[in-house]
Amino acid sequence: MLDVDNVFLRAPDELFQCGEFCAAFINPCIFHTGLFVLKPSNETFFKMLKEVHKKIPNKDGADQGFLTSHFHDLLDRPLFHPPIDGTERLTGLYRLPESYQMDAALYYLNLKWHTPCGLNSAITFPSIPMLKPWFWWSYPILPLGILWHEKRLETIGYHSDIHILIIQVCFYLFCLSVTLFIQRRSPYALVSERSSSTKMCMNRSHFVEQSPCHPIVRKSIIMIILILSYILPFSIVPTTIHPILGWANFLLGSLTFLVITINLFKLNILPVMIPWLEGFGMLLVMFWPYHSSGISRSLIMTTYAFLSSPSLWWCFKKLFISPNGSESWEPLMTRTTSKHDVVTESSKLC
C-alpha cells in the first residue's frame, strides 16, 4: 500500500518477500502508513472487523490510528532484511528500515540524505496539504518535490493540462501585444490633438488638474487591481502542471496584467514593475541548484528579502502615499484665466 505523495527511487521488489505486515517508523514510537506491506489474510481481516465492532479507540480516526492500534507491538518486532536468495518469503511482522519512508523534511537541512540503514528506496512528503509535491507552486519552495514531477514526466506526462496552458499563454501574448501597440500609438494621437488645438486657439491660459475621482478612491482601485494582477494568473494555472511551466505561465500572466494596469491608469513603470522583478529574483535564488545546505539557502533567501524591502517600501509610498506618485501623465485639464494673463486679440476669438 502506497500513498500518492511517495516517490520510489528504485524498484522495491524485495518488499514482496516481507511477512504478514511490515511498516517503517518515521516517528520514534508510531509507524507510518504512507507505505506498508500487508499480506492478504482472512484471519487478519476478521480480527480487524472485531476491533471495529468493539469500537477500540482510534488515535486519529483514520487508517493510521486503526493500524497502529491493531499492530501495537510492531516496534518490538525484528528489522526486515531481504533474504539473500530472493526466493524465500518471510512470515510474521517486521519493521521496515527508515530508507523505505525517508521523510522529505530531513532532506532540507543539508540538501542531501543521511539514512542510517538500507538503500535509499522511497521518499514521503508528509508536509502541509497545500505544499504537496504535485502542486506546481510547491517547487522551488520545497526543492525535493521536483522528483515527483520527474517521475510523472516519465510515466503519465502532462497531456491533460498542457492544452490549457497553451491557451492561457496565447491569451497573455495577445493582450500584451495589443496593450503595447496601443501604448505605442497613443503619443502620436496626443501630439496631433495638441497641435490642432494650438492652431485653433493660441493663448497663454493656465491649466489646473481635474481628477476624474477622489485620489483615495483612485489609489484604492489601483491597489486592488495590482493585487488581482498576481492573484488571477496564479489561480488559473493548472494546479498539477510541471513547476517550470507553472511559474513561467504565472510570471507571463502577472506581467501582462501589470502592463495593462500601467497603461490604463498611466502609472509610473518602476514602482509597479520593481516588485515583479524582485519576486522573479527570489525565484532564481530558490531555483539555484548549488546551495551547499538548507541553512545557507535560507540565509541567502532571508538576506535577499532584507535587501529588497527598502525598494518595496519605496514602491508602496510612490504609488499609494505620495500625492501624485501614481501619476505620470498630463491629466484632464480645465481652462482657467489668471489675473496676470495678457488677453490678446487672438485669445478673444477663441
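# A predicted model, question by question

Guide: Let's open with Cys315, which is buried, with a relative accessible area of 2%. Buried means under 20% relative accessible area, exposed means over 50%, and partly exposed is in between (1.4 Å probe, protein chains only). This is a predicted model, where local features need pLDDT of at least 70, side-chain atom pairs count only at pLDDT 80 or more, and totals for chains, interfaces and linings use all residues. Residues are numbered from 1 along each chain as its sequence is written, and side-chain values use heavy atoms, with hydrogens and water left out.

Visitor: And Cys170: what is its relative accessibility?

Guide: Unlike buried Cys315, Cys170 counts as partly exposed. The value for Cys170 is 47%.

Visitor: How many helices and strands does the protein come to?

Guide: Helices (H or I, at least four residues) and strands (E, at least two) are DSSP runs, numbered from the N terminus. Counted that way, the protein comes to 10 helices and eight strands.

Visitor: What share of the contacts joins residues at least 24 apart?

Guide: A contact here is heavy atoms within 4.5 Å. The pool is the contacts between residues at least 6 apart in sequence, and the share joining residues at least 24 apart is 66%.

Visitor: How much of the protein counts as buried?

Guide: On the outside, the protein exposes about 21700 Å², with carbon and sulfur atoms supplying 68% of it. Those areas come from the Shrake-Rupley method with a 1.4 Å probe; for residues, only the protein chains shown count as cover. Of the 350 residues, the buried share is 37%.

Visitor: Which helix gives the largest share of the nonpolar patch?

Guide: The patch is about 750 Å² and is made by Met223, Ile224, Ile227, Leu228, Ile231, Trp313, Phe316 and Ile321. Two elements give two or more residues to it: helix H6 (215-236) and helix H9 (294-321). Patches are built from residues with over 30% relative accessible area and no salt bridge, joining like charges within 9 Å and nonpolar side chains (Val, Leu, Ile, Met, Phe, Trp, Tyr) within 5 Å. The largest share is five residues, from H6.

Visitor: Where is Ile321 found?

Guide: Ile321 is one of the patch residues and counts as partly exposed at 47% relative accessibility. Its element is helix H9.

Visitor: How far apart are the end C-alpha atoms of residues 221-241?

Guide: UniProt, in an unreviewed entry, places "transmembrane region" at residues 162-182, 221-241, 247-265, 272-290 and 296-316. UniProt positions follow the numbering used here, feature names are shortened, and annotations may be inferred rather than shown by experiment. For 272-290, the span is 84% helix and 0% strand, with its end C-alpha atoms 31 Å apart. Residues 221-241 are 76% helix and 0% strand, and their end C-alpha atoms lie apart by 32 Å.

Visitor: What handedness does the disulfide of Cys18 and Cys22 have?

Guide: The structure holds one disulfide, a term that takes a pair of cysteine sulfur atoms within 2.5 Å. It joins Cys18 to Cys22, S to S 1.6 Å; Cys18 is buried at 6% relative accessibility, and Cys22 is buried at 0%. The torsion about the S-S bond is about -90°, so the disulfide is left-handed.

Visitor: How many residues apart are Asp5 and Lys132?

Guide: The model has five salt bridges, each a side-chain nitrogen of Lys or Arg within 4 Å of a carboxyl oxygen of Asp or Glu. In one of them, Asp5 pairs with Lys132, the closest N and O atoms being 2.6 Å apart, and both residues are buried. Asp5 sits in the segment before strand S1 (6-8) and Lys132 in the loop between strand S6 (122-124) and helix H3 (138-141), a separation in residues of 127.

Visitor: Which helix do Glu43 and Lys47 both lie in?

Guide: These two form a salt bridge with the closest N and O atoms 3.4 Å apart. Glu43 is exposed at 54% relative accessibility, while Lys47 is partly exposed at 44%. They are four residues apart, about one turn, and both lie in helix H1.

Visitor: What distance separates the C-alpha atoms of Ser41 and Glu20?

Guide: Ser41 lies in the loop between strand S3 (32-38) and helix H1 (42-54), and it is partly exposed at 28%. Ser41 and Glu20 are 21 residues apart along the chain, and their C-alpha atoms are separated by 8.2 Å.
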